[in-house]
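Please look over the sequence and the model below before reading on. This briefing is meant for a first-year student who wants to connect a chain of residues with the fold it takes up.

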Amino acid sequence: MVSDQIKGAAVAFAAGCGVGWFALAANSRWHAKKEAAGSAGASTSTSNKSDAEADSQGGGGNARVIPDWITKRVPTSARRVRLREWEDPAWRVRSGWVGTDLCHNLGGHGVCILQYWWDEPTQELYGAVHFGPGCESHAGWCHGGSMTSVMDDVLGHCGFLAGSDGKPWGGATVQVNCSLKLPIRVGSTLLVSATVVGREGKTGRKVRISGKLQSEKECHALLDGLTVVGVDLPPGTDIAGTQPQRRWVTEGEDHKASGWGS
């Protein structure tokens with residue numbers, strides 16, 4: 001019994017040391033990068049400042065500037081993805097939603113995908129994602145759940161856009177395997193991307209998607225997921241009744257869901 005207790009204590013101590021080492025190493029790396037950026041005279045955009053600083057300048061909630069390095073990595077052939085439920089709160093309520101979107105609430109302070117771009121030729125989805133103070137877990141660091149939520153969202157919408165039926169909500173996430181590589185500081189804006197890597201099953205409705213969450217120079221998380229396309233929303237809401245009529249349409253630089261005139 002004593003021997004088992006000693007072993008258990010040793011395992012707990014080792015696990016604690018491992019967690020402490022990861023936090024210490026991550027913190028040291030962040031400070032080193034911050035000092036390097038300062039010595040190089042790097043400029044700081046609103047999107048890289050703390051939320052308190054950004055809010056004091058009139059950019060409340062998740063209304064952040066998308067860094068140039070992100071837009072430069074989005075292919076010129078990609079179009080902005082727009083859904084009315086992300087932009088029109090009144091229409092959202094009329095159509096059956098009962099709350100705000102977990103990952104697309106520009107007025108909130110949690111994780112927020114500021115913009116998606118869909119590149120049809122390569123079947124790739126790109127997004128600028130801001131991690132607000134509502135993502136905080138430990139002393140300025142974001143909770144891992146905020147990172148996995150982003151991965152779930154990009155997986156689902158990549159499947160919707162790649163689905164053969166062309167429905168904005170025509171699918172369902174089946175599996176999300178997310179590997180967290182590096183922690184994220186609160187107030188950061190990163191690039192998330194996802195691409196279709198294969199189709200499974202006799203009908204090809206199971207879509208395998210890989211993804212990445214990255215800052216300008218480092219990868220913070222990787223995704224390997226599976227979604228099923230061609231699945232309608234369950235009955236019981238107004239949006240479920242109108243969903244069969246909604247389709248993706250291309251207008252200029254936008255790739256958006258139909259139904260904006262109602």
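The points below go from the overall fold to the sheet, the cores and two single residues.

The model is a predicted one, and its secondary structure comes to seven helices and 11 strands. Of the 262 residues in the protein, 42% are buried.

**Overall picture**

- Among the contacts in the protein with a separation of 6 or more, 66% are between residues that stand 24 or more positions apart.
- The protein exposes about 13,500 Å² of area, and carbon and sulfur atoms supply 56% of it.

**The sheet and the helix on it**

- Strands of a sheet pair through backbone hydrogen bonds, and this pairing can be either parallel or antiparallel.
- In this model nine strands form an open sheet with mixed pairing, and following the strands across the sheet gives the order β6-β9-β8-β7-β3-β2-β1-β11-β10.
- The edge strands, each of which pairs on one side only, are β6, covering residues 171–180, and β10, covering residues 248–251.
- On average, and with direction ignored, neighbouring strands of this sheet are turned by 25 degrees against each other.
- Strand β10 is joined by four bridges to β11, which spans residues 254–257, and these two strands run antiparallel; within this pair, Trp248 stands opposite Ala257 in β11.
- Helix α6, made of residues 144–162, packs on the sheet and touches β1, β2, β3, β6, β7, β8, β9, β10 and β11, while the direction of α6 makes about 140 degrees with that of β6.

**The nonpolar cores**

- In soluble globular proteins, nonpolar side chains tend to be buried together.
- The largest nonpolar core of this model holds 38 residues, and the members that touch the most other members are Val129, Phe131 and Leu213.
- Two or more residues of this core come from each of the elements β2, β3, α6, β7, β8 and β9, and helix α6 gives the most, with nine residues.
- Apart from this core lies another one, of 10 residues, which includes Trp69, Val74, Leu114 and Tyr126.

**Asp254, a residue of strand β11**

- Asp254 lies in strand β11, and it counts as buried because its relative accessibility is 7%, where buried means under 20%.
- Which residues does Asp254 contact, leaving aside its neighbours within four places in sequence? They are Arg79, Arg80, Arg82 and Val249.
- With two of these arginines the side chain of Asp254 makes polar contacts: one is with the side chain of Arg80, at 2.8 Å, and another is with the side chain of Arg82, at 3.1 Å.
- Asp254 and Val81 are 173 residues apart along the chain, and yet their C-alpha atoms are separated by 6.1 Å.

**Ala78, a residue of a loop**

- Ala78 lies in the loop between helix α3, which covers residues 68–73, and strand β1.
- Is Ala78 buried or exposed? Ala78 is buried, because its relative accessible area of 14% falls under the 20% cut-off.
- Leaving aside neighbours within four places in sequence, Ala78 is in contact with Trp117, Trp118 and Asp119.
- The C-alpha atoms of Ala78 and Pro121 are separated by 8.6 Å, although these two residues are 43 residues apart along the chain.

Definitions and conventions: Residues numbered from 1 in each chain as written. Predicted model: local features only at pLDDT ≥ 70, side-chain atom pairs only at ≥ 80, totals over all residues. Heavy atoms only, no water. Pairing = 2+ DSSP bridges. Axes fitted to C-alpha atoms, helices over the stretch in contact; angles between N-to-C directions. Contact = heavy atoms within 4.5 Å. Buried < 20%, exposed > 50% of the residue type's maximum accessible area, 1.4 Å probe, protein only. Polar contact = N/O pair within 3.5 Å; in protein donor to acceptor, adjacent residues only side chain to side chain. Core = buried A, V, L, I, M, F, W, Y, C linked by side-chain atoms within 4.5 Å. Areas by Shrake-Rupley, 256 points an atom, 1.4 Å probe, with all protein chains shown as cover.
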